[in-house]
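Student: I would like to learn how to read a structure such as this one, starting from a helix and moving on to the core and the ligand surroundings. Could we go through it step by step?

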Amino acid sequence: MIDTVAGPARTTAAAVKAQALSLGFDLCGVARAHPLDPSALDKWLGAGWDAGLKYVRERREARLDPSLLLPGARSVIALAASYAPQPGEETPDGELIVARYARGRDYHNVVLKPARKLAAWLRSQGARVYCEVDTGAVMEKAWAQEAGLGWIGKNGCLIHERLGSWLLLGALVTDAELAPDSPHPDRCGDCIACMPACPTAAIPEPRFIDARRCLAYHTIEHRGPIPPELSSLAPGRVFGCDICQDVCPWNRRPRPGTLVQLRARPEQTALSLNDILALDTATAWARYEGTPLLRAGRDGLVRSALAVAPRPLSPAARELATRLLADPSEGVRIEARRALA
Ligand code: B12
Ligand code: SF4
Ligand code: SF4
């Protein structure tokens with residue numbers, strides 16, 4: 001593809017990609033900005049699979065049309081940073097398992113920082129840019145597939161042939177006209193390993209996740225008690241869930257990632273149940289500030305720990321849970337009652 005410069009900006013796709021890689025991203029691709037086919041998002045919302053996540057539903061139109069985020073949008077720059085394990089990395093002992101993406105620094109900041117630097121550089125080249133990571137109204141997986149970074153697997157995650165799906169995504173919308181890459185073909189083939197592996201049957205159809213049944217939703221996004229019929233199906237998954245990615249053949253030997261801040265820290269990988277049951281807000285902040293774990297807050301972590309704690313509780317855990325029957329948080333009180341029942 002010829003890399004041409006058009007519009008107001010003085011840059012090329014090749015220059016943007018070189019800049020993105022120098023900032024620590026593992027992958028960068030370009031798609032032409034256009035309105036997305038609304039059918040998949042509308043099907044997901046219509047079926048109630050969004051579990052009432054307000055931020056997705058409320059910004060439906062902007063999610064589907066990048067020109068509503070940036071008038072005159074011409075290109076979408078898709079970015080990915082890998083958090084694949086380092087060679088020889090092992091999961092330390094602990095009753096509570098943290099999802100892999102949450103074992104390092106908070107990716108919202110780690111990935112947003114270089115994305116903002118890339119946006120600033122593009123602006124210095126005369127382009128206008130919309131820049132958000134994760135929380136913005138951008139369908140990051142759809143753009144990543146269209147920009148050739150990988151394909152959306154049946155487990156609902158974007159997969160790269162050599163990096164697997166241990167990727168965090170970001171996307172910039174810009175008025176710079178950049179030579180687009182070709183969309184990535186699907187490589188799942190006949191495999192369906194992830195679908196029956198999901199313990200809570202949260203993948204009703206290939207590529208669609210029913211957040212109402214997904215442990216990632218319940219342990220990270222949701223406040224309040226977790227339906228016991230779900231939490232009992234994946235003991236120990238205290239923050240997020242990786243089961244549908246762990247079973248994926250493309251994740252068997254992924255190349256390790258570049259950004260050191262995303263590397264797993266042992267103290268954030270497997271947590272001690274008794275430590276979490278004894279957690280107060282000040283300790284939670286001191287221990288987990290700057291990590292994704294604080295997104296659930298002290299109440300969310302303690303609530304999830306009680307919900308997914310392997311049963312029966314040890315005598316020490318029972319004692320701690322008994323104290324939590326009088327906790328100020330209603331979600332914690334309810335889960336403490338259930339754990340002791
Ligand atoms: C809401 C949300 C969730 C929800 C819903 C998940 C989901 N798959 O939709 C919940 C809370 C359950 C969740 C869980 C997780 N999430 Co999340 N989540 C998001 C968020 C904020 C929006 C996703 C969204 O809009 N979903 C609605 C559906 C309809 O949209 P979509 O899946 O993108 O679908 C579009 C395309 O994929 C396409 N499409 C969909 N289906 C089909 C089918 C076919 C046949 C075709 C051709 C196209 C197609 O069309 C859709 C509309 O354009 C994104 C960030 C972002 N801004 O995009 C992160 C994001 C998807 N999450 C991420 C992560 C890391 C996770 C977890 C792995 C965390 C964890 N370990 O616990 C789990 C994974 C669960 C799973 N198996 O997907 C990463 C995924 C990285 C990757 N490799 O794909 C993202 C991109 C965040 C980021 N910035 O890196 N998440
Ligand atoms: S993250 Fe866990 S609960 Fe959610 S779809 Fe994957 S396996 Fe199922
Ligand atoms: S487990 Fe199989 S079907 Fe599921 S995402 Fe991986 S390759 Fe695709």
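The dialogue below takes up a helix, the nonpolar core and two ligand shells.

Tutor: Please keep in mind throughout that this is a predicted model.

Student: What span should helix H13 have, and how far apart are its end C-alpha atoms?

Tutor: An α-helix has 3.6 residues a turn, so residues three or four places apart point the same way. Because each residue is taken to add 1.5 Å, the twelve residues of H13, 297-308, should span 16 Å, and the 17 Å between the end C-alpha atoms agrees with that.

Student: Is H13 mostly covered or mostly exposed?

Tutor: Mostly covered, since ten of its twelve residues are buried, including Arg 298, Arg 303, Ala 305 and Leu 306.

Student: Which residues have the most contacts inside the largest nonpolar core?

Tutor: In soluble globular proteins, nonpolar side chains tend to be buried together. Here the largest nonpolar core has 101 residues, and among those with the most contacts inside it are Ala 171, Leu 172, Ala 305 and Leu 306. Helix H5, residues 107-124, gives the largest share of this core, seven residues. Leaving aside residues up to four places away in sequence, Ala 305 touches Leu 96, Val 238, Leu 273, Ile 276 and Leu 277.

Student: Which classes of residue make up the shell around ligand 2?

Tutor: That shell has ten nonpolar residues, one polar and no charged, with Cys 198, Cys 214, Cys 241 and Cys 244 among them. Helices H8 (215-221) and H10 (243-246) each supply at least two residues of the shell.

Student: How many residues of each class surround ligand 3?

Tutor: Around ligand 3 there are nine nonpolar, two polar and one charged, and the residues there include Lys 154, Asn 155, Cys 188 and Trp 250.

Notes
Residues numbered from 1 in each chain as written. Chains lettered and ligands numbered in written order. Predicted model: local features only at pLDDT ≥ 70, side-chain atom pairs only at ≥ 80, totals over all residues. Near = placed C-beta within 6 Å. Nonpolar A, V, L, I, M, F, W, Y, C, P; charged D, E, K, R; others polar. Helix = DSSP H or I, 4+ residues; strand = E, 2+ residues; numbered from the N terminus. Expected span 1.5 Å × (residues − 1). Buried ≥ 20, exposed ≤ 12 C-beta atoms within 10 Å, placed from the backbone. Core = buried A, V, L, I, M, F, W, Y, C linked by C-beta atoms within 7 Å. Contact = placed C-beta atoms within 7 Å.
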